[in-house]
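Got the viewer open? Then let's take a walk through this one, going from the whole chain down to single side chains.

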Amino acid sequence: MDLLNTLVDKGLRRELPTREEALAVLATSDDDLLDVVAAAGKVRRQWFGRRVKLNYLVNLKSGLCPEDCSYCSQRLGSKADILKYTWLKPDEASQAAAAGLAGGAKRVCLVASGRGPTDRDVDRVSQTIKAIKEQNEGVEVCACLGLLSDGQAERLREAGADAYNHNLNTSESTYGDITTTHTYADRVDTVRKAHAAGLSACSGLIAGMGESDEDLVDVVFSLRELDPDSVPVNFLIPFEGTPLAKEWNLTPQRCLRILAMVRFVCPDVEVRIAGGREVHLRTMQPLALHLANSIFLGDYLTSEGQAGKADLEMIADAGFEVEGADQVTLPEHRSQAGACGDTGGCHEGGGVCGPAPAVAGEPRTDLVAVRRRGAGTDLAPNA
């Protein structure tokens, strides 16, 4: 296909595709899907080789969020039966992080529900960052605490944070349809605050909320303009008890086309398959490694992921290798320009395989499993 040849050439030159080209990727047929994956895979290997970066989420504070984000099981008014607990102590968070690092993760993403941190919360998270770094030499830490006030990003950086995650989630034109308690501009402002403080900025999207192809392209082009080091791609988990519980709009093929489009638009940026890969990509997850160079290991914020051992086996079986702590994730031209060579992206998602066989075209509601282990419980984490 001339389209794919053009996109590969542009990706190898770090040249931005046109909106029409990005839309054309999403419009390709299933017959052309492997060609699309192969083309985007060339761009992925040019900038990231066959390395896969592992990241590990620690949910510092779960549930009871005052924001009304329709996709989130922790939202105001959520009836989802998730774990709810207040702040983990620094030593508890450090223990949770150690499990993921032992499993092969090189980055820990510290996440807390809420609109944004108070200054006391920043102090608390700063203590947690220091505890993790004291006990795990060389670990990278990303914070994801919501909207930042002036000076908070600088304080997190001083405490040792390497990155800050805050996703745009969807296009500006449709943002008000999913959230009313804050604005798209608020999110952009927080990403810029992280950049300005010298933190490696991370910002991504959620696919599957009923958005159009144009919405997906709009948000990815907006992300390209913000120039984060990492773009996590989340696939909506339709939690029962949330407004989007019935939005089962994704197929594995659709997910692969979305990841390919993101890779073409952001060729030299860390693209992470984040929440929902087990639920929506399912047995096609190994193909997605040809598009993205980063995943989360183990469980997510409020839902379970596949076993950490299964993640490692999948990476090896697909012919990829886990990125080592001594390796810099981003290409040299990006890692030298930014605060650090890596970043993380934090969002909930995931699932474990249920006993029932899938029926083609039928939503796999059996794959949504609420997290009951790890941080905030007495059970061992999945790592």
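Here is a tour in a few stops, with something to select at each.

**Stop 1: the whole chain**

Keep in mind that this is a predicted model. Show everything as a cartoon and colour by secondary structure: you should be looking at 14 helices and 10 strands. Along the principal axes, the C-alpha atoms fill a box of roughly 55 × 50 × 40 Å. The radius of gyration is 19 Å, which agrees with the value near 21 Å for a compact globule of 383 residues.

Now switch to contacts. Among those with a separation of 6 or more, 78% are between residues 24 or more positions apart.

**Stop 2: the surface**

Turn on the surface. About 14,400 Å² is accessible, and carbon and sulfur atoms hold 49% of that. Underneath, 61% of the 383 residues count as buried.

Next, colour the charges. There are 41 positive and 55 negative ones, and their mean positions lie 2 Å apart.

**Stop 3: a buried pair**

The whole structure has 28 salt bridges, so to speak a menu to pick from. Select Glu-270 and Lys-53 and show their side chains: they form a salt bridge, with 3.7 Å between the closest N and O atoms. Where in the chain do these two partners sit? Glu-270 belongs to strand 8 (residues 270-273) and Lys-53 to strand 1 (residues 51-61), so the bridge links parts of the chain 217 residues apart. Both Glu-270 and Lys-53 are buried.

**Stop 4: one partner in, one partner out**

Move on to Asp-150 and Lys-193, whose side chains meet in a salt bridge at 3.5 Å, N to O. Asp-150 is in the loop between strand 3 (140-144) and helix 6 (152-159), while Lys-193 is in helix 8 (residues 184-196); the two are 43 residues apart. Buried or exposed: what is each partner? Asp-150 is exposed, because its relative accessible area is 69% and the cut-off for exposed is over 50%. Lys-193 counts as buried, because its 18% falls under the 20% limit.

**Stop 5: an exposed lysine and a network**

Select Lys-246 and Glu-240. This pair also makes a salt bridge, the closest N and O atoms being 3.7 Å apart. Lys-246 is exposed, with a relative accessible area of 68%.

For the last view, select Lys-53, Arg-107, Glu-140, Glu-270 and Arg-272 together: salt bridges with shared partners join them into one network. You have met two of its members already, since Glu-270 and Lys-53 were the pair at Stop 3.

Technical notes: Residues are numbered from 1 along each chain as its sequence is written. This is a predicted model: local features need pLDDT of at least 70, side-chain atom pairs count only at pLDDT 80 or more; totals for chains, interfaces and linings use all residues. Side-chain values use heavy atoms; hydrogens and water are left out. Helices (H or I, at least four residues) and strands (E, at least two) are DSSP runs, numbered from the N terminus. The radius of gyration is taken over C-alpha atoms; the globule rule is 2.2 Å times the number of residues to the power 0.38. Buried means under 20% relative accessible area, exposed over 50%, partly exposed in between (1.4 Å probe, protein chains only). Contact means heavy atoms within 4.5 Å. Accessible areas come from the Shrake-Rupley method with a 1.4 Å probe; for residues, only the protein chains shown count as cover. Lys and Arg count as positive and Asp and Glu as negative; His and the chain ends are not counted. The place of a charge is taken as NZ of Lys, CZ of Arg, CG of Asp or CD of Glu. A salt bridge is a side-chain nitrogen of Lys or Arg within 4 Å of a carboxyl oxygen of Asp or Glu.
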